[in-house]
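Here are my comments on the model you sent, set out as numbered points. They take the strand pairings in turn and then go on to packing and confidence.

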Amino acid sequence: MTKPKSPKHKPIPSKQEVLDFIRSQPGHVGKRELARAFNLKGADKIMLKAVLKELEGEGHVQRGAKKRFARPGALPEVSVVEITGSDADGELLARLVAWDQDGRPPRIYMAPWRKGELTVGVGDKVLAKLRRVQGDAYEAKPIRVVGEARARVLGVFEANPDGTGRIRPTSRKERSDYLVPKGETGGAEAGELVLGDLLPGRLYGLRQVVIKERLGRMGAPKSVSLVAIHANDIPFEFPADALTQAKKSGPATMEHRVDLRDVPLVTIDGEDARDFDDAVWAEPDPDPNNQGGWHCLVAIADVSWYVRPGDALDKEAFKRGNSVYFPDRVVPMLPEELSNGWCSLRPNEDRGCLAVRFWLDKDGNKRRHKFVRAMMRSAARLTYTQVQKAKDGQTDELTGPLLEPVINPLYGAWKALQAAREKRGVLELDIPERKVDIDAEGKVLGIKVRERFDSHKLIEDFMIQANVCAAEELERVHKPCMYRIHDQPSLEKLDGLREFLRSLDLSLPKGQVLRPAQLNQILEKVKDGPNEVLVNEVMLRSQAQAVYSPENIGHFGLALARYAHFTSPIRRYADLLVHRALVSGLGLGEGGLPPDCLPEFPGWGEHISITERRAAAAEREAVDRYVTAFLADRVGATFAAKVSGVTRFGLFVTLADTGADGIIPIGTLPEDFYVHDEVHHCLVGKRTRKTFQLGQLLQVVLHEANPLTGSMVFQLEGSGPRVRAVSRKPAPYRRGRR
């Protein structure tokens with residue numbers, strides 16, 4: 001009998017072979033599985049451990065639970081997900097509850113689950129086992145329900161003849177309505193915006209809701225921002241003790257203050273600004289040793305004088321984290337008595353401030369700086385448009401007398417700051433911002449791209465310099481600092497960016513420390529060309545998200561080693577913390593940091609980073625709803641658009657004239673089976689090879705506009721009212737369809 005041959009011993013796999021194997025697996029991979037796959041034994045396993053450690057150190061793989069490895073950005077094998085809605089075929093979709101990365105989260109499909117008469121639905125939180133099924137799409141197999149749907153539902157009430165009703169949710173993530181039982185309508189009338197509490201339990205059919213609050217008619221003035229406020233759980237009513245404290249506020253005293261009331265500081269903001277918390281001034285430096293240099297002053301409202309650690313105002317400000325700005329209103333971090341009163345640098349009124357003087361050389365390099373607590377009196381409230389017109393020779397009654405003594409020196413100092421900025425290599429992405437114009441009744445008058453002047457850049461660079469001074473000063477006096485940090489792009493995102501740029505015959509150096517200046521060189525190459533918008537969009541998607549943290553890693557986008565937000569304590573809690581630290585560190589009187597608060601800083605940083613993202617989401621949703629309402633009566637009209645996003649389920653497009661966003665579902669694209677190319681950000685027809693790419697210009701027809709959710713659906717011009725839908729779900733979900 002022939003003895004079977006023992007399996008041939010394989011050599012130690014290369015790093016690339018190990019990496020390729022990990023990337024090919026649907027989930028995390030352990031060392032035991034790797035050893036089995038490559039038939040490694042004994043000492044070879046030690047070598048494998050070294051290879052894995054090296055791959056992890058280079059950022060090519062990430063370590064999960066139980067020392068198991070996966071591609072960077074891979075979801076954990078078991079995690080809590082929240083069911084967000086369903087697709088056109090009724091498949092439940094979910095998102096990772098703990099998702100805190102940049103970009104779009106991976107698409108998660110829920111596998112069927114039933115326990116007795118109960119099943120899972122929109123809003124439920126489920127502990128699930130996750131398995132990657134295709135690309136960045138995952139299947140979630142429920143293990144158990146860990147939290148039922150959120151307690152509150154926001155939507156528009158619809159009455160039924162039998163005394164019951166329905167609530168159509170305002171969130172575009174929720175695909176199904178809610179049932180209001182007879183006797184639980186709270187007197188709501190059809191078309192009203194309502195808040196309801198979910199009733200416990202889940203039988204087959206719609207979830208039941210009891211209406212608790214009527215918010216007015218949908219479409220009424222300010223209803224749009226009201227939806228965004230409630231949908232994102234933004235606190236908008238101040239508690240009584242905070243209001244009482246704010247009303248008792250009064251003028252700041254001169255104790256520990258320098259008198260700056262003779263310095264003609266001015267505030268420069270937008271026409272629609274509601275608060276004025278920063279003022280600027282500059283003059284040529286009189287120091288003969290600094291020929292061509294500048295002496296500058298940035299004064300910021302002294303919020304720390306009025307809001308003390310642990311008091312009622314402080315607790316509410318921390319809870320809010322920041323102000324939230326909508327086209328028709330602002331939800332301030334502080335009550336009006338402070339935000340528009342004692343902490344607003346109104347012209348010709350004495351105001352307490354925390355100010356920083358800094359001296360620049362002729363090339364914009366900072367020579368030194370000094371912080372003071374002071375009393376100031378703003379010489380004028382100016383707008384960006386006013387200042388720019390004055391600089392361009394169109395002065396008015398207000399700017400005429402200020403041109404030579406104030407405005408021209410500000411521009412002179414800014415030119416120096418701009419030279420230093422260019423030398424430093426700040427990332428210069430060009431992403432336009434939408435502005436919604438509304439009247440007093442809340443009706444949208446128009447949507448346009450917000451103009452950007454040199455006066456905007458002037459204030460931005462003055463504020464950046466003041467923020468740098470604050471971070472450096474807190475390090476000098478050894479006080480806690482809440483840094484504003486921005487990490488460089490992850491290795492995985494950089495690899496994707498390189499692949500994309502290579503398709504355009506552009507190269508990004510590999511194997512060296514990435515700097516913003518290298519990205520700027522690429523942006524300069526495509527400027528004013530057909531790929532300018534495309535490259536700007538893809539490069540933006542490759543960036544990490546800026547956050548607050550007491551651990552400094554620098555600010556990649558601004559090319560700064562240290563950076564902290566100091567210039568807006570009236571609307572950002574992070575800036576208030578920086579003010580308090582400066583007051584404590586420099587012995588400037590009352591209102592400093594509480595003792596031994598350093599251990600709290602990491603938690604504070606995480607909290608205010610979350611509230612910032614919450615505010616951004618609410619502001620974006622409100623603008624989307626306003627824009628959708630503005631275009632709702634133009635269904636069927638044709639628009640020029642560009643592709644602003646490419647996904648496996650369709651194309652996101654942005655209209656050229658209004659900046660409105662919407663989707664072209666993949667099922668309405670010309671007859672073909674479209675494959676999503678993630679690297680090149682495009683959909684490619686498998687048969688026709690027809691390609692739709694990020695940044696591509698299209699003519700689109702508005703097919704559907706839903707002001708309730710702020711969503712719009714478009715079709716390609718000439719594609720017809722209905723085209724066979726092509727399923728782009730991962731293979732396990734195609735159910736035999738082509």
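1. In this predicted model, strand β31 (residues 674-677) pairs with β32 in the antiparallel sense, over four bridges. Asp677 stands opposite Cys682 in β32. The two strands form a hairpin with four residues between them, and His681 in the turn has a positive phi of about 55 degrees.

2. On to the next pairing of β32: three bridges join β32 to β33, and the two run antiparallel. Here Val684 has Thr691 of β33 as its bridge partner. This pair also forms a hairpin, with five residues between the strands, and Arg689 in the turn has a positive phi of about 65 degrees.

3. Which residues of strand β32 are buried on one side, and which on the other? Cys682 and Val684 lie on one side of the strand (residues 682-685), Leu683 and Gly685 on the other, and all are buried, so that both faces are covered.

4. Helix α14 (residues 532-541) deserves a look in the same region of the note, as it is mostly covered, with seven of its 10 residues buried. The buried residues are Glu532, Leu534, Val535, Asn536, Glu537, Val538 and Met539, and they pack against α12 (491-503), α13 (516-526), β28 (638-647) and β33 (691-693).

5. An open sheet of five strands follows the order β12-β11-β10-β13-β14, with antiparallel pairing. Its edge strands, each pairing on one side only, are β12 (178-180) and β14 (209-217). Direction ignored, neighbouring strands of this sheet are turned against each other by 40 degrees on average.

6. Within that sheet, strand β13 (residues 192-198) is joined to β14 by six bridges, the two running antiparallel, and Gly196 stands opposite Ile211 in β14. Strands β10 and β13 pair in the antiparallel sense over five bridges, with Arg152 opposite Asp197 in β13. Helix α4 (residues 223-231) lies across β10 (152-159), β13 and β14, and runs at about 15 degrees to β13.

7. Strand β10 is also joined by five bridges to strand β11 (residues 165-169), again in an antiparallel arrangement, and the bridge partner of Glu158 in β11 is Arg166. In the hairpin that β10 and β11 make, five residues lie between the strands, and Gly163 takes a positive phi near 95 degrees.

8. As for the interior, the largest nonpolar core has 90 residues, and those with the most contacts inside it are Val266, Ile268, Val280, Val298, Leu410, Phe462 and Phe566. Leaving aside its neighbours within four places in sequence, Phe462 is in contact with Val280, Trp281, Ala282, Cys296, Val298, Phe358, Leu410, Ala413, Trp414 and Leu417. A second, separate core of 56 residues includes Phe500, Val526, Val700 and Met712.

9. Finally, on confidence: the mean pLDDT of the protein is 85, and 88% of its residues reach 70 or more. Over residues 1-7 the pLDDT is below 50, and this stretch has one contact in the model beyond near neighbours in sequence. Residues 721-738 also have a pLDDT below 50, but that stretch has 49 contacts beyond near neighbours in sequence.

Key
Residues are numbered from 1 along each chain as its sequence is written. This is a predicted model: local features need pLDDT of at least 70, side-chain atom pairs count only at pLDDT 80 or more; totals for chains, interfaces and linings use all residues. Side-chain values use heavy atoms; hydrogens and water are left out. pLDDT is the predictor's confidence in each residue, from 0 to 100. Contact means heavy atoms within 4.5 Å. A nonpolar core is a set of buried Ala, Val, Leu, Ile, Met, Phe, Trp, Tyr and Cys residues joined through side-chain atoms within 4.5 Å. Buried means under 20% relative accessible area, exposed over 50%, partly exposed in between (1.4 Å probe, protein chains only). Two strands pair if DSSP finds at least two bridges between them. Axes are lines fitted to C-alpha atoms, for helices over the stretch in contact, and angles run from 0 to 180 degrees between N-to-C directions.
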